[in-house]
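Subject: Structure for you to look at

Hello,

Here is the structure I promised to pass on. Please open it and keep it beside this email while you read my notes.

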Amino acid sequence: MYKVYSGLAWSIAGGVVVQAAAIAFAFGGLLNSVANGGVVDKALLESRQAGGVGELGFVMHAIVGGGLIPLLAVVLLVVSFFVRVRGAKLLAAIVFALVALQVTLGFSIIGSPYLGLIHGANALAIVAAAVVAAVRVRRSSRSAAMLDRKQATSDAVTS
């Protein structure tokens, strides 16, 4: 279970990196389109077709951020109840809460664009919390394995 927990946490951190790359690609393509004479208006936004090179970035950002990362965060929280590492549940709960906040902010940006500032900063908090969770569980599992080996060695010597 240690490896599953750690793998999920690393996957969440990696997913946020994909999110950043996808949205940068999307807006880069959009800016390229505008530089070449394209227009961003209400009709374009309502058509859900950004057009141009970066359109795939918007789709990736929506799928990974609206579906994959929240799913991974829920699974991480569930798995945390089966991992016997101090703080594993708390870290998984923090990651889950940050992801829930991120999704909420992402859907609220249209009504209040300034929330985008928090959305970006919160993404960094998700990466940090997920990496801390992955590293802590990995260290604890290695420590437990070393203790098991020491115990097995001392049992073999005393037998």
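Start with Q19, which is found in helix α1. This is a predicted model, so please read every value below as computed from it. Is Q19 buried or exposed? Its relative accessible area is 10%. Buried means under 20%, so Q19 is buried. Which residues does Q19 touch, if we leave aside its neighbours within four places in sequence? They are M60, H61, V64, G65 and I69.

Now step back to the whole chain. It has 5 helices and 0 strands. Read along the sequence, the pattern is α-α-α-α-α. Of the 159 residues in the chain, 29% are buried. The chain exposes about 10000 Å². Carbon and sulfur atoms supply 69% of that area. Look at the contacts between residues at least 6 apart in sequence: 74% of them join residues at least 24 apart.

Next, the core. The largest nonpolar core has 27 residues. Those with the most contacts inside this core are Y5, I12, L76, V83 and V95. Four elements give two or more residues to the core: α1, α3, α4 and α5. Helix α5 covers residues 115-158. Which element gives the most to this core? It is α5, with 7 residues.

Pick L76 for a closer look. Leave aside its neighbours within four places in sequence. L76 is then in contact with Y5, L8, A9, I12, A92 and V95. Y5, I12 and V95 are also on the list of residues with the most contacts inside the core.

Now the aromatic rings. A pair of aromatic rings is described by the distance of the centres and the angle of the planes. How many aromatic pairs are there? The count comes to 1. The pair is F27 with F58, and their ring centres are 5.4 Å apart. Their planes stand at 75°, so the pair is edge-to-face. The cut-off behind that step is an angle over 60 degrees. F27 lies in helix α1, residues 2-35. F58 lies in helix α3, residues 55-80. The pair therefore ties together parts that are 31 residues apart in sequence. F27 is partly exposed, with a relative accessible area of 43%. F58 is partly exposed too, at 26% relative accessibility.

Stay with helix α3 for a moment, because G67 is found there and is partly exposed. The relative accessible area of G67 is 34%. G67 and V103 are 36 residues apart along the chain. Their C-alpha atoms are separated by 9.4 Å.

Last, the surface. Which residues make a nonpolar surface patch of about 670 Å²? They are M1, V4, V74, V78, F81, F82 and F96. Find F81 in the loop between α3 and α4. Helix α4 covers residues 88-108. F82 is found in that loop as well. Are these two exposed or partly exposed? At 49% relative accessibility, F81 counts as partly exposed. F82 has 55% and counts as exposed. The line between the two classes is 50%, so F81 and F82 fall on opposite sides of it.

One more pair from this patch deserves a look: F82 and M1. They are 81 residues apart in sequence. In space they are 6.9 Å apart, C-alpha to C-alpha.

Try finding Q19 first, then L76, then the ring pair F27 and F58. Write back with any questions.

Best wishes

Notes: Residues are numbered from 1 along each chain as its sequence is written. This is a predicted model: local features need pLDDT of at least 70, side-chain atom pairs count only at pLDDT 80 or more; totals for chains, interfaces and linings use all residues. Side-chain values use heavy atoms; hydrogens and water are left out. Rings of Phe, Tyr and Trp (its six-membered ring) pair if their centres lie within 6.5 Å; planes under 30 degrees apart count as stacked, over 60 as edge-to-face and the rest as tilted. Buried means under 20% relative accessible area, exposed over 50%, partly exposed in between (1.4 Å probe, protein chains only). Patches are made of residues with over 30% relative accessible area and no salt bridge: like charges are joined within 9 Å, nonpolar side chains (Val, Leu, Ile, Met, Phe, Trp, Tyr) within 5 Å. Accessible areas come from the Shrake-Rupley method with a 1.4 Å probe; for residues, only the protein chains shown count as cover. A salt bridge is a side-chain nitrogen of Lys or Arg within 4 Å of a carboxyl oxygen of Asp or Glu. A nonpolar core is a set of buried Ala, Val, Leu, Ile, Met, Phe, Trp, Tyr and Cys residues joined through side-chain atoms within 4.5 Å. Contact means heavy atoms within 4.5 Å.
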